Structures are given as structure tokens and as C-alpha cells.
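Q: I'm in my first year and still learning to read folds. Could you take me through one part of this structure slowly, and then show me what surrounds it?

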Amino acid sequence: MEAEINFYLMKSNFLTIKNLTKIYDVGSPSEVVALNNFSFSIKKGDFVTIVGSNAAGKTTLFNLINGSDSPTSGEILLEGEPLSELPEFKRAKLISCVRQNPNDSVIVSMTLAENLSLAKINGRSANLDKGVKKEWKKEFKKILKSFGLGLEKRLDDKVSSFSGGQKQIAALLMATISKPKLLLLDEHTAALDPNVSKMVLRITDQIVKEEKVTTLMITHNIRQAIEHGNLLILLEKGRIGFKVGDSQKRSLNIIEIENLLENGLAKFGKF
Amino acid sequence: MDSLLFTSVELGLLYAIVVLGVFLTFRILNFPDLTVDSSFVLGAAATAIFIRNGVPGILSIFVGFIAGFLGGSLTAILHTKLGIGKILSGILSMSILYTVNLRLMHGPNVSLLNQPGIIEIFKVPTNHFYLILFLITVVLIIKFLIDWFLQTEFGLWFRATGNNEVTAQSFSINTKLTKFIGIGLSNGLVGFAGGLITQYQGFSDINMGVGTVILSLAALMLGEALTSKNKIPILTFVIVIGAILYQLIVNIALQLGLAGSDLKFITALIVIISLLIGGRNKFLSYEKQLFNN
């Protein structure tokens, strides 16, 4: 009976992380526990912001989810299916990622339209049809116009001529145009100046809302974590240190969280 | 002097096909492929053997393409399946193909003994016009095929692989496949050109491929120095011009009294000068490739 209920709970959750542990250099003096029996689950359409100090396990968590690294133990389920059983190319279709470095999520030697077309092809084999289709270009133009940044005029320009913020907007659109189930944002505004960062986050909100894509966003900026998303998780030494939902989140202030971060760390005897 | 000019143009057009192949690996795929020196001979040897055995010249050049493709596949397999570095994969298959070429030709060279090849049809002793017209047609067809290919869906995959392999994989691009096809096609073109040049000169020789990579790079850089544009149809065009320019420079150097054995020095000099005047940034990728792999 209990097993059945557990199974039901698992099913109702969109992304479930069960007892995930990742230890680097097991058994050696430099052994590092990046994630320590970490569990949590989120529902479809959730926009989760993840904060935490350096080495809290944020990036490790993302690497385990997108499959570029494998856990020491534990598992990750997407709609009840273990991710580890998915072949790599299927995972790439289901889970999109925008990284911190603006040059890491786009192909800079190609035009914006070509980049977006690559994202359109994502999930199937390429053929010898024209790479950039007319009807796709129309679609790109429409979406880009809705951002109000004039990027629709730059579809035929090489992405190498774009600013960091423009590259990240392109990356966001590339990440979501293939309709992934999960969007991972790994400090995607950290390399941008505050104004551009704000603009990129505005577009992020817009895209997440329109595409209704379940999103996890890592950030160093506590204000961002509070202002965006509906669930905030504070990671600490590979565990959840603190978790707040939508209603509580709004009443939080930055100083409170900063205190929590400090107190939390003090509890572990560091600093 | 006129005859010298025409000969340069003919050779330039023939080698332009090699340079277009090298463009695919060095420039688009970011793969400094050294296989070229021997896949060139492989295409030449295979073509020569087929012609000697009575296969019409027009069919034999396609044999050159297939042979070159197989030669390139060897490098691609060494690199993608066995995980050997880019440069070393090329050097290894160069070594393997040297033996294969000798075996194929049963010796260091094969003469065509005036057996009719496709070049013979257009080669009139006193008139270069028809041959040049034929070669221009062939080169333009290949140029437009490359332009078309790089704009297809698979072409986008191919270009993405060369620019950033990790990002390409995150768009579920099978980068092993794109590399295999890319290196294969590139060497296929090189083998095809080897077959044509065999017919042009009337023999194939085990040493005819020595220095093809550096020659192609010189022609490639000469061509690229002619434009500041980065669009593929423009690049494939200036590369052809670069190949012809290279042959002209070489011929002028010979006219000025340099020995044939001095040419390698001249070629390297052209590459170095192109690197300097072309702007370091534009060509930095070459240096990066050669030292990082």
C-alpha cells in the first residue's frame, strides 16, 4: 500500500530526484562530497530558483540532470522515467541548457537564423533539405519581435557579432524552440552587466511563461532568486538548506536570506 | 609566356578542387587533416589503374572520388572510433596509405601510355581553350555543390560541429557522423582531383602528393586574403582564384630562375606571408589547430 502511494506521488511529480549522491575522487584524500543524499521533486510548470555558495553542489546537480556526469548513487526521474536509461540524443531533446558563458550555448560562426534552425532540427536526424526554412524564419521573426529588442532584424547576421546579452537571448530561444520538458539555466546572466542581466531575465520570464516550460535556474544573485520563479531552494553542502514556496517567497527580504546563508554556513563550522 | 599562363590556369583549376576539399576540413570542420597528401595519390593511383584496365576516363575519375573518400574514412575512424588525436590520425593514415598506394600501383608509378582519359578529349596541343572551359565547368559545379551542401540541414550540423563540438552535441548532433562524412567528402574531392591530374600529366606517381596540404593551405590563404567577407559562397569563389594565383606565383618564380626543388620553400613563405598580412586574428584558428591537437 505504502509503495503504491509512493509510486503515485512519484508520478504526480514532474521531476523527482531521489537520494542523489555525488562524490568526486572516492576514497582519495581529495574526496569531495558534492551532493549528499539529495532529494526533492517539482511539479510541471514550476520555475525553481537555486541559490547557494560556491561548492554547494549547484552545478553538479545540473550536470547530473543533463547527463554530462553520472551520480555515485540515487536517481533522477522525469515524469516517472529514470533519466539514466535515456540515450544521450533523447536527453538533449528533453533537457535544454543555457550556460554562463555566452559563447557556450550558441554556434558563433553561424547566423541567428541558422542557429535557431539547428534548435528546430534538435531531436531528429538532419536531412538534405534547406537548413533555414522560410516558414521557420517567419516564426523566428514573430517571436523575436515580441521581445522588443530589434533582434528580428538580425536573423541573417553572424552570432559572433552579437553582444553577450543578445547571445544569451538567442541561446534562450534556441533552448526553448525545440519544446524541451526541462530548461536548465546555469547562471545565465552572471557574465552580463546589471542592466543587460535584467533585460535577459525579463525575456526569460516571458519565455518560461509562454512556453510553460519547467525551469531550474541557478543564480548567485539572491534578489534574482526572490524576484523570479515560484520556488526557491537554497543549497548548502550538497543538501537542501532551505526551501520556500511562492507565497512565502514574496515576503522574504534579501537580508533575511543573506543571514540564512551565513548562519547556515556557520552551522557547518566553516567561515 | 602565353602558354605558361594557360598552363598555370589549368593547374590552378585542377588544384582548386583539392583546395575546396581542404577548405571543408581545415576551415569548416576545424580539422587539420594531413591525410590529403596520400589520399591525393590514392585517387590518382586508383584512377590510373582503372584506366589501364580499360575503364573509360569519365568513369575513372569517380573511382578517384571513392578511393579518396575511403582514405579519408580511415582517418575519421582512427579519430572518432579510436580516439586518436586529429593530427596523429592524419599522419597514421598517411603512412598506411603510402603502402596501399605502392601495392595498388605495383611500383612507384603508373604510366597511362596515351590511353584515353577524359582530359584527352579536351586537350588540343595548340589550343587551351576547351580544356580550360571544361575545368571551369567542373570546378564551378563542385563549388556550387559545396555551397548547397553547407546550407542544408546536414550542412548546418557539419558547420556546428566544426565551430563548437560540445554545444553541437547539446543540440543532439551526432558529431562522429558529421566528422566522418566531412572528412570523407573532403578527401573524396582530393582523390577526384588526383584522378584528373593523373590524366592531365599522363601518369601517377607515389611522390606526386608530397606537400599537397601545404600547397592547398597557401592557395586557401591567398584566396582568403582577397576578401574580408565571411560568406561561404564568396569564400569558395576566392579559394578557386587563390589556387590559380598560387600556380601563377610558382610559375613566375620558376621563370625567374628558381629550381623546382626551391618550390617548397616558396610555398611555406606564401603561407607565412599570408598569415602576416591577412591579419593574425583571421588566421589564428590555424595556429590554434596546429598546436592544440
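A: Let's start with one sheet in chain A and then work outwards from there.

A quick heads-up: this is a predicted model, where local features need pLDDT of at least 70, side-chain atom pairs count only at pLDDT 80 or more, and totals for chains, interfaces and linings use all residues. Residues are numbered from 1 along each chain as its sequence is written, while chains are lettered from A and ligands numbered from 1 in the order in which they are written.

Our close-up is an open sheet of six strands in chain A, in the order E6-E7-E8-E3-E9-E10, with mixed pairing. Strands (E, at least two residues) and helices (H or I, at least four) are DSSP runs, numbered from the N terminus, and two strands pair if DSSP finds at least two bridges between them. Strand E6 (95–98) and strand E10 (239–245) of chain A each have a single partner strand, so one side of each has no neighbour in the sheet. From one strand to the next, the twist averages 20 degrees; angles run from 0 to 180 degrees between N-to-C directions, and axes are lines fitted to C-alpha atoms, for helices over the stretch in contact.

Now zoom in on one edge. E6(A) runs parallel to strand E7 (residues 182–186) of chain A, and four bridges join them. You can find Val98(A) opposite Leu185(A) of E7(A). Helix H2 (residues 58–66) of chain A packs on this sheet, touching strand E3 (47–52), E6, E7, strand E8 (214–218) and strand E9 (231–236) of chain A. The direction of H2(A) makes about 150 degrees with that of E7(A). Contact here has a cut-off: the C-beta atoms of two residues, placed from the backbone, lie within 7 Å.

Chain A has another open sheet to compare: four strands, ordered E2-E1-E4-E5, with antiparallel pairing. Its edge strands, E2 (32–42) and E5 (81–82) of chain A, each pair on one side only. Strand E1 (residues 15–24) of chain A pairs with E2(A) over seven bridges, in the antiparallel sense, and Leu15(A) stands opposite Ile42(A) in E2(A).

Helices meet each other too. In chain A, the axes of helix H4 (residues 112–121) and helix H5 (residues 134–147) come within 10 Å and cross at roughly 105 degrees. H4(A) and H5(A) are therefore roughly perpendicular; that label covers 65 to 115 degrees. On the H4(A) side the contact uses Ala113(A), Leu116(A), Ser117(A) and Lys120(A), and on the H5(A) side Trp136(A), Lys137(A) and Phe140(A).

Finally, step over to chain B, which has 13 helices and two strands. Its contact with chain A takes 17 residues from chain B and 24 residues from chain A. On the chain B side, H7 and helix H8 (165–170) are the elements giving two or more residues, and the largest share, eight residues, comes from H7(B). Helix H7 (residues 153–163) of chain B is mostly covered, with 10 of its 11 residues buried, including Phe154(B), Trp157(B) and Arg159(B). Buried means that 20 or more other C-beta atoms, placed from the backbone, lie within 10 Å of the residue's own; 12 or fewer is exposed, and in between is partly exposed. Across the 293 residues of chain B, 48% count as buried.

Notes: Angles under 35 degrees count as roughly parallel, over 145 as roughly antiparallel, 65 to 115 as roughly perpendicular and the rest as oblique.
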